[in-house]
Amino acid sequence: LSALFIATLLAACGGGGGSSSDAPAPPPPSPPTLSASGATSVITNTRYRYEAALSDGTTSVFQWTWGDSTPTDTVNPADKVWRQVGEFSASVSTTVAGQALTSELGVTAVGEPVSAGNFHSCALQPDRTVDCWGDNFAGQLGDLTNNDRRTPVPVTGLSDAAALATGSQHSCALRTNGSVVCWGRGAEGQLGNNALADTTSPVQVLLLANVTAIAAGANHTCAVRGGGVVCWGANSWGQLGNGGDSDSSTFVEVADLSDAVGVVAGQHHTCALRDRGGVLCWGRNQLGQLGNGIGAGNPFPGTVNDLPAMVSLVAGSNHTCGITDAGTPAGQVLCWGDNASLIGDLLAGDPSLPLNVIGLDNAITLAAGAAHTCALKADQTVVC
């Protein structure tokens, strides 16, 4: 047979050339991808929610790993409270058909961006500079003068602030490198620079490093570092927590405290939030602001009684409030101390034990003034 005939026969019978019905096999489905979502700019001690999702819509067991060394979560969505300032990476991972998938979110955590003292206020700007305004008698605005200001002025030489704390007439900033600077009134040692003089620009708190949170009372200042708390300044009511009543112009260790994640300071008292949600308070207690059921003050940390696990705290002049870490409903608020500033249980008197604020739940953050308290709720409404 001729070659042309054979080729024609093969083509007609499908020999050698394949059948027209044999279409190319479809490509295998693309493996799913993993994405993470949630807040990338956060304020410390406020709860945020993070979620993971697979592109194919299937479910999986996700593991969230937080860049600040707190325990991992294996739930989705995951609730997270950032306890320290800084730059962190929140990563989520899972395994699908033997393939490991990972997604990351960069997170910037800062302290509350506005802090108010008795008659002055300071604000943390996005570029980490600080502006202050108001009364400047002791130099608490940090602008190299003692001139009162009706509009904000920049704090001299401060460009790496990550958190703020303002007292009666002094101000402090936690820097991104973990050190602390203060300015303003120093007569009780509240600037922490081993001096008793006012200053109109920031001075370094001596030998203090690795700080994760700060707080300022009327004339004392405290900081969290490595689970411990250190304080300096006025101590006539034991608010430094070292068992004494002498002022200190350099920091002293708060006694018997190694698991603190946060600190707040009132006029003459201080409280620390522990890593499992417990609360310790020390200092003046004439209105029950230590929450221990006893009217006497305490220069050592003492447990706040009858208190569920808390997620955050605030302190006014003579009262303390916190948000519950869990419960039904979530985000309830309890307060103790000066009842002139509390809704509490709507009873007269000064409760020395924590009381629920009636009708308030789903709170996500708190703020306290001298004699009032406000809460931001999850629905973005504010109650006071």
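## Two loops with a positive phi

Aspartate 306 is found in the loop between strand S23 (298-303) and strand S24 (310-315). In this predicted model, aspartate 306 has a positive phi of about 55°, although it is not a glycine. That is worth a second look, because most residues other than glycine have a negative phi. Aspartate 306 is also exposed, as its relative accessible area is 61%, above the 50% cut-off for that word.

Arginine 128 offers another case: it is not a glycine either, yet its phi is positive, at about 75°. You can find arginine 128 in the loop between S9 and S10. Is arginine 128 buried or exposed? With a relative accessibility of 17%, arginine 128 counts as buried, since the word applies under 20%.

## A cis peptide bond

Now look at the step from asparagine 76 to proline 77, where the peptide bond is cis and omega is near 0°. Most peptide bonds are trans. Proline 77 sits in the loop that runs between strand S4 (63-65) and strand S5 (78-81).

## An open sheet of four strands

Which strands make up the open sheet, and in what order? There are four of them, arranged as S8-S9-S10-S11, and their pairing is antiparallel. Strand S8 (114-116) and strand S11 (149-154) stand at the edges with a single partner strand each, so one side of each has no neighbour in the sheet. From one strand to the next, the twist averages 15°.

For a closer view, follow S10 and S11, which run antiparallel and are joined by three bridges. Glycine 134 has its bridge partner in S11, and that partner is arginine 149.

## A disulfide between S9 and S10

Two strands of this sheet are also linked through their cysteines. A disulfide joins cysteine 122 to cysteine 132, with an S to S distance of 2.1 Å. Cysteine 122 lies in strand S9 (residues 120-124) and cysteine 132 in strand S10 (residues 130-134), so the disulfide ties together parts that are ten residues apart in sequence.

The link of cysteine 122 and cysteine 132 is right-handed, with 105° about the S-S bond. Cysteine 122 counts as buried at 1% relative accessibility, and cysteine 132 is buried at 0%.

## The wider set of disulfides

How many disulfides does the model hold? The count comes to six. A disulfide is a covalent bond between the sulfur atoms of two cysteines. If you number the bonded cysteines of the protein chain in sequence order, the pairing reads 1-2, 3-4, 5-6, 7-8, 9-10, 11-12.

One of these disulfides is formed by cysteine 271 and cysteine 281, whose sulfur atoms are 2.0 Å apart. Cysteine 271 belongs to strand S21 (residues 269-274) and cysteine 281 to strand S22 (residues 279-283), so this pair ties together parts that are ten residues apart in sequence. With 105° about the S-S bond, the link of cysteine 271 and cysteine 281 is right-handed. Both cysteine 271 and cysteine 281 are buried.

Another disulfide is formed by cysteine 222 and cysteine 231, with their sulfur atoms 2.1 Å apart. Why is the disulfide of cysteine 222 and cysteine 231 called right-handed? The torsion about its S-S bond is about 110°, which is why it has that label. Cysteine 222 counts as buried at 0% relative accessibility, and cysteine 231 is likewise buried at 0%.

Conventions. Residues numbered from 1 in each chain as written. Predicted model: local features only at pLDDT ≥ 70, side-chain atom pairs only at ≥ 80, totals over all residues. Heavy atoms only, no water. Disulfide = S-S within 2.5 Å. Buried < 20%, exposed > 50% of the residue type's maximum accessible area, 1.4 Å probe, protein only. Pairing = 2+ DSSP bridges. Axes fitted to C-alpha atoms, helices over the stretch in contact; angles between N-to-C directions.
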